[in-house]
Amino acid sequence: MSTTELGRRSVLRMLAAAPLVPAALSGAAQAAPRPSVGALGADLVTRPDLHPPLMEIITPAAGTEPGQVLLTPTGASTMDVNAPAPRAPIQPGAMLMDDTGQPVWFGPSSEGVNFDLKVQQYQGKPVLTFWEGKVVVPPGFGHGKFVIMDEAYARIAEVVPANDLTGDLHEFVITPQGTALILAYREVRLDTTPVGGQPNSKVLEGVVQEIDIASGELIFEWNSLEHVGLDESFYPVPKDPEAFHDYIHLNAICEDGDALLISARCTHAIYRIDRASGEVKWRLCGRKSDFAMSEDAGFAWQHDVRRHSDGTISLFDNADAAGRAKSRGMTLNVDEAARTATLLRSAESPEGLLAPNQGNAQLLANGHMFVGWGGQPYFTEFGPNNEVLFHGRFTETMASYRAHRAQWVGKPADSPAVVGKPGDGITSVYTSWNGATEVTTWRALAGPDDQNLTAVADAEKTGFETKIDIQGAHPVVAVEALDASGNVLGRSPAVAVA
């Protein structure tokens, strides 16, 4: 099937379900359809404490890169992340999802909401990282901390900014040196009358910090007002001096040799910052761009800026103010000698979505691009020619700040969960193991008591929770989790059938 045909099918399926403009701009959010693939029941028998979101896979995965999809579901897709999910009891949190839409691991947030679940490296080992905290809406920044988890889902480190600041939700990058690049905001009072504001306005200054993770020592700090003026902003100045003037809204950092690249949403610009002095070496796009932008290379309200080994820069273009009515994942060729920027790639969603906020464009192997559509509840994996290889959405009015694909091996420290229920001539065994990524088969054990259990059935793992029906009445059951080679990864406690 061609990419065009896939897109047409997707549009036809979604026309009755979701507006092509953000819910915040089109009135009340419309009800979403029930999922066709990857459906979970309203409650998990083995884990009634977990209530992950329901997903719809619109274009089933075909030819995608290996790994899970990493999401941080929040309460609404219009950035009002503190609002309750419309269909309680869905929880905000962090989630690893397989390509059928089923959770592999779901961790409800313990403090507010989570943002930006990623697989990174720390101390030579893969780790899961995310931000946790509260969101200030509007304008959309965070008060929280940055969390690092090991393969057993244990928190092994937490990072907070220095100088009495709180961590902003937008970025957490672990460097090979064991430091963290993070963002924060500082409230200052300024005269904004030169840009149409009031004499004593509340302005949000963007702050970049580099923190040694092990010691908490501050290594580097960059403060936006020392380098970027209010006149670069496209964000309207509030008439109320007590309303935040979020003039820059930093939302991404990446290392670039001896410099840093930072993305500033409200100036529509990328800044290259000298890591020693903090001096801005150049601006890309925005009001004071140092580069001539080729046709269709301009961007606006952007997120997720990354420099790659070939010198190209990728980002998520939220668009609209750039004269486009559709958001996109994009890559640019940036010639620093000639001071030109040209468009290399532009990938739009099958629905032609315009994301009002959030979003990312992750470059994968073999020319693939994984895009999270931010303030719209969708995610897509594109092939090298922008063909849609995988496409899905939350079925509720929810969002994920970013959406990534990565390979993760989880080895939970707890045991598999099991519940036994009697039936008409059968015993139903329900089992799950939150976060165990290597399980392929479940082995049911049954017997008269916990000292006399024997293996009675093997069943392929089916989604987060697997049901195994075994013949006869059995007072006590347990399960073993097996990997692809038949090795036992873990065994549940024995439980009474009830």
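The accessible surface of the protein chain comes to about 19200 Å², and 50% of that area belongs to carbon and sulfur atoms; the areas come from the Shrake-Rupley method with a 1.4 Å probe, and for residues only the protein chains shown count as cover. Before I go on, please keep in mind that this is a predicted model, in which local features need pLDDT of at least 70 and side-chain atom pairs count only at pLDDT 80 or more, while totals for chains, interfaces and linings use all residues. Residues are numbered from 1 along each chain as its sequence is written, and side-chain values use heavy atoms, with hydrogens and water left out.

Of the 498 residues in the protein chain, 57% count as buried, where buried means under 20% relative accessible area, exposed means over 50%, and partly exposed covers what lies in between, with a 1.4 Å probe and protein chains only. If we take contacts, meaning heavy atoms within 4.5 Å, and keep those with a separation of 6 or more, then 57% of them in the protein chain join residues 24 or more positions apart.

As for secondary structure, the protein chain has 1 helix and 36 strands; these are DSSP runs numbered from the N terminus, with at least four residues for a helix (H or I) and at least two for a strand (E).

Let me turn to two of the sheets. One is an open sheet in which 4 strands follow the order E5-E4-E2-E28 with antiparallel pairing, and two strands count as paired if DSSP finds at least two bridges between them. At its edges stand strand E5, residues 103-108, and strand E28, residues 404-406, each of which pairs on one side only. On average, neighbouring strands of this sheet are turned by 20° against each other, direction ignored; the axes here are lines fitted to C-alpha atoms, for helices over the stretch in contact, and angles run from 0 to 180 degrees between N-to-C directions. Within the sheet, strand E4, residues 93-97, pairs with E5 in the antiparallel sense over 5 bridges, and Ala94 stands opposite Gly107 in E5.

The other open sheet also has antiparallel pairing, and its 4 strands come in the order E14-E15-E16-E17. Its edge strands are E14, residues 250-256, and E17, residues 280-284, which pair on one side only. E14 runs antiparallel to strand E15, residues 259-264, and 6 bridges join the two; the bridge partner of Leu250 in E15 is Ala264.

Now to some individual residues, beginning with the backbone. In the loop between strand E7, residues 125-136, and strand E8, residues 141-149, we find Pro138, which a cis peptide bond with omega of about -20° joins to Val137. A cis peptide bond also joins Pro138 and Pro139, here with omega of about 10°, and Pro139 has its place in the loop between E7 and E8.

Two residues other than glycine have a positive phi. Asp116, in strand E6, residues 113-122, has phi near 60°, and Asp116 counts as buried because its relative accessibility is 3%. Tyr153, in the loop between E8 and strand E9, residues 155-159, has phi near 70°, and Tyr153 is buried at 13% relative accessibility.

Finally, Gly486 lies in the loop between strand E34, residues 476-482, and strand E35, residues 488-491. Is Gly486 buried or partly exposed? With a relative accessible area of 40%, Gly486 is partly exposed, and its C-alpha atom is separated by 8.0 Å from that of Thr441, 45 residues apart along the chain.
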